[in-house]
Amino acid sequence: MLGITFGYKHSYDDWNLILTDRDISLPEPNRFTVEVPGANGKLDFTKAVTPNITYKNRKISYTFKVKGGPTEWDEMIREISGYLHGQKMQVVEDVDEDWMWDGFWTLDKFKSDRHVGTITIKGDVYPYKFMIDETEKTITGNGTLNCTNDRMQVTPEITNTASATIVFNGKSVTLAAGTHKVADFVLEEGDNTFTITSTGTTKFQYREGAL
């Protein structure tokens, strides 16, 4: 049965909850506007404040049917609320198992009649969903390395076994052997090409985020 994994607990396998509805909102962009007396509309300074659009947290809601009767319902509510209510955790949907949501979760409400119980779990999560597995790109010796990235900007972790000179977007940095993060090396959406001069192996590692 398809469901949702909250941290280490699966909604159906661990709690016998049947997923009936999932509501995933798009995150609201952060905008910076100013009203000018006597002028039409507003002045939008969003791009002036930051060159890249940022977003507010995303809201998620899952609704489940609860098996059993009133006695089982009360016990289940205690277990679920004790486990996740107000907790920060990573959540994975069976229908989108390569990605995860990261945020705070609450047991929002429980409703029942004599025969059917339903519960709603809500999340206040980071605007981007993250790939569960980090992306890794590796090159040995000299050459070019392309790091394809999704929508969220990210700074890769670079591990090199020997001194390496790396050029990206016209900026050149020489790194001693080790693990580094370079503030100027920010991956944009799409292809990001690095030119590397080294006698060793250079690895780029980063986690992609998508809207």
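**Overall shape, two cores and a few residues of note**

Buried residues account for 36% of the 211 residues in the protein chain. The model is a predicted one, and a good place to start is its general make-up. The protein chain has 19 strands and 2 helices. Its C-alpha atoms fit in a box of roughly 70 × 60 × 25 Å along the principal axes. The radius of gyration of the protein chain comes out at 23 Å, whereas a compact globule of 211 residues would be near 17 Å.

Contacts and surface come next. Take the contacts between residues at least 6 apart in sequence: 69% of them join residues at least 24 apart. About 12,000 Å² of the protein chain is exposed, and 48% of that comes from carbon and sulfur atoms. As for charge, there are 30 negative and 23 positive side chains, and the centres of the two sets sit 5 Å apart.

Then there is the inside. In soluble globular proteins, nonpolar side chains tend to be buried together. Here, the largest nonpolar core is made of 20 residues, and Phe-6, Tyr-62, Ile-80, Trp-105 and Ile-121 are the ones with the most contacts inside it. Several elements feed this core with at least two residues each: helix H2 (70-84), along with strands E1 (4-6), E6 (58-66), E7 (87-93), E8 (99-112) and E9 (117-125). Another core, of 16 residues, lies apart from that one and has Cys-147, Ile-158, Leu-175 and Phe-185 among its members.

Two asparagines stand out for their backbone angles. Asn-16 has a phi near 60 degrees, which is a positive value in a residue other than glycine. Asn-16 belongs to the loop between strand E2 (9-10) and strand E3 (17-24). With a relative accessible area of 37%, Asn-16 is partly exposed, because that figure falls between the 20% and 50% cut-offs. Asn-169 also has a positive phi, near 55 degrees, and is likewise a residue other than glycine. Its loop runs between strand E14 (164-168) and strand E15 (171-175). Asn-169 has 64% relative accessibility, so it counts as exposed, the cut-off being over 50%.

Close to the end of the numbering, Ala-210 sits in strand E19 (residues 209-210). Its relative accessibility is 6%, so Ala-210 counts as buried; the limit for that label is under 20%. What does Ala-210 touch, not counting residues up to four places away in sequence? The list runs to Arg-58, Trp-99, Pro-127, Tyr-128, Lys-129 and Asp-150. Ala-210 is also 8.1 Å from Met-131, C-alpha to C-alpha, although 79 residues separate the two in sequence.

Gly-190 offers another pairing across the sequence. This glycine is found in the loop between strand E16 (178-180) and strand E17 (193-198). At 25% relative accessibility, Gly-190 is classed as partly exposed. Gly-190 and Asn-149 are 41 residues apart in sequence, yet their C-alpha atoms are 5.2 Å apart in space. With neighbours within four places in sequence left aside, Gly-190 is in contact with Asn-149 as well as Cys-147 and Thr-148. Of these partners, Cys-147 is also one of the residues in the core of 16.

Note on methods
Residues numbered from 1 in each chain as written. Predicted model: local features only at pLDDT ≥ 70, side-chain atom pairs only at ≥ 80, totals over all residues. Heavy atoms only, no water. Helix = DSSP H or I, 4+ residues; strand = E, 2+ residues; numbered from the N terminus. Rg over C-alpha atoms; globule rule 2.2 N^0.38 Å. Buried < 20%, exposed > 50% of the residue type's maximum accessible area, 1.4 Å probe, protein only. Contact = heavy atoms within 4.5 Å. Areas by Shrake-Rupley, 256 points an atom, 1.4 Å probe, with all protein chains shown as cover. Lys, Arg positive; Asp, Glu negative; His and termini not counted. Charge placed at Lys NZ, Arg CZ, Asp CG, Glu CD. Core = buried A, V, L, I, M, F, W, Y, C linked by side-chain atoms within 4.5 Å.
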